[in-house]
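Biologist: I would like to go through a structure step by step. Please show it first.

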Amino acid sequence: MTVVVRTVARVLFPVALVFGGYVIMHGHLTPGGGFQGGAVAASALAMVLVAFGAGRLKDKKGLLSALESLGGTAFVVLGFLGLGLTYFANVLAGSYGLFGRPVPYGPNPGDLNTAGTLPLMNWAVGFKVLAGLGAAVLLFALFGGEDDR
Amino acid sequence: MTLWASLLTMSLAMTVLAGLLAVVLRDLLAAALALGAQGLFLSLAFYLLQAPDVAIAQAGIGAALTTAIFLLAIRRTRRKEEE
C-alpha cells in the first residue's frame, strides 16, 4: 500500500488495540464486552495486514492458535469454577476478592472491581475472538503467493 | 421532525444508497469501500436506535473486517468486474 496508508496504520494500530482492550475491560459496566472488544482489536490487526501485507506476520499463526485455545479453555474453566452450585455460578461476586466488591446502589460512575467472574470471562472471550478473527484474516492474506504490494 | 428522527432517516437512507452503490459499481475496490460505508451507516443507525452494543459489533465486523477481507481478496484477483 502507499506511504499514506502505511503511516496512518502505524499511528492508528496501538490506538485501536487499546480501544479494544478498553471495550473488553469495561464489558460489565458499559456497552460492549468480550466479543465487541475482540472484534475491534482484530480490526486493528486487519488494518495492519492490509497496509503492510502478511509477510512479517507469517510466523505468528502458532501464537494466534495458542491464544485462541487459551481463551476457550479459560472460559470453560471459569464456568467450572462455580460447579459447587451450578455450572457458570458466579463464585467471585460479592467475595471481596478479585472483582468481588458488591455493586453500589443508585446512580454511580461504575465500579470496575465488581461482577465476579464476568470480567474474566470477557477477557477470555476477547482473546478468543481476537485470535480467531485475526487468524482468519491472516490466513486470507497469506493465501497464494508472497508478494507485498 | 426531531433531530433524532432526521438523523435516523438520514443514516438509513445512506445505508440504502451505499448498498445500491456496492451493487451497481463496476470497480470492485470502490464497491468494497461502498460496502464498508454501508456497514458504518448501519452501525450509526443501530446507535441512534439505542443499541450501542450492536453498533460496536457492526462497526468492528461489518465495516472494518469484511472490508479488509474484500480488499485482500481483490489484491489477489482482478479489480474490474467483467460482463
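Questions and answers on chain A of this predicted model follow.

Biologist: How many helices and strands does chain A have?

Modeller: From the N terminus on, the elements run α-α-α-α. Strands number zero in chain A. The count of helices is four.

Biologist: How far apart are the end C-alpha atoms of H2 in chain A, and why is that the expected span?

Modeller: Helix H2 of chain A covers residues 34-52, which is 19 residues. At 1.5 Å a residue, the helix should span 27 Å. The model agrees, because the end C-alpha atoms are apart by 27 Å.

Biologist: Which residue just after H2(A) takes a positive phi?

Modeller: The helix ends at residue 52. Just after H2(A) comes a residue with a phi of about 80°, and it is Gly53(A).

Biologist: How many residues of H2(A) are buried?

Modeller: A residue counts as buried if 20 or more other C-beta atoms lie within 10 Å of its own. Across the 149 residues of chain A, buried ones make up 34%. H2(A) is largely enclosed by the rest of the structure, because the number of its 19 residues that are buried is 17.

Biologist: Which helix gives the most to the side of chain A that touches chain B?

Modeller: The contact takes 20 residues from chain A and 14 residues from chain B. On the chain A side, H2 and H4 (117-142) each supply at least two residues. The one that gives the most, with ten residues, is H2(A).

How values were computed. Residues are numbered from 1 along each chain as its sequence is written. Chains are lettered from A and ligands numbered from 1 in the order in which they are written. This is a predicted model: local features need pLDDT of at least 70, side-chain atom pairs count only at pLDDT 80 or more; totals for chains, interfaces and linings use all residues. The expected span of a helix is 1.5 Å times one less than its number of residues. A residue is buried if 20 or more other C-beta atoms lie within 10 Å of its own, exposed if 12 or fewer, and partly exposed in between; C-beta atoms are placed from the backbone. Two residues are in contact if their C-beta atoms, placed from the backbone, lie within 7 Å.
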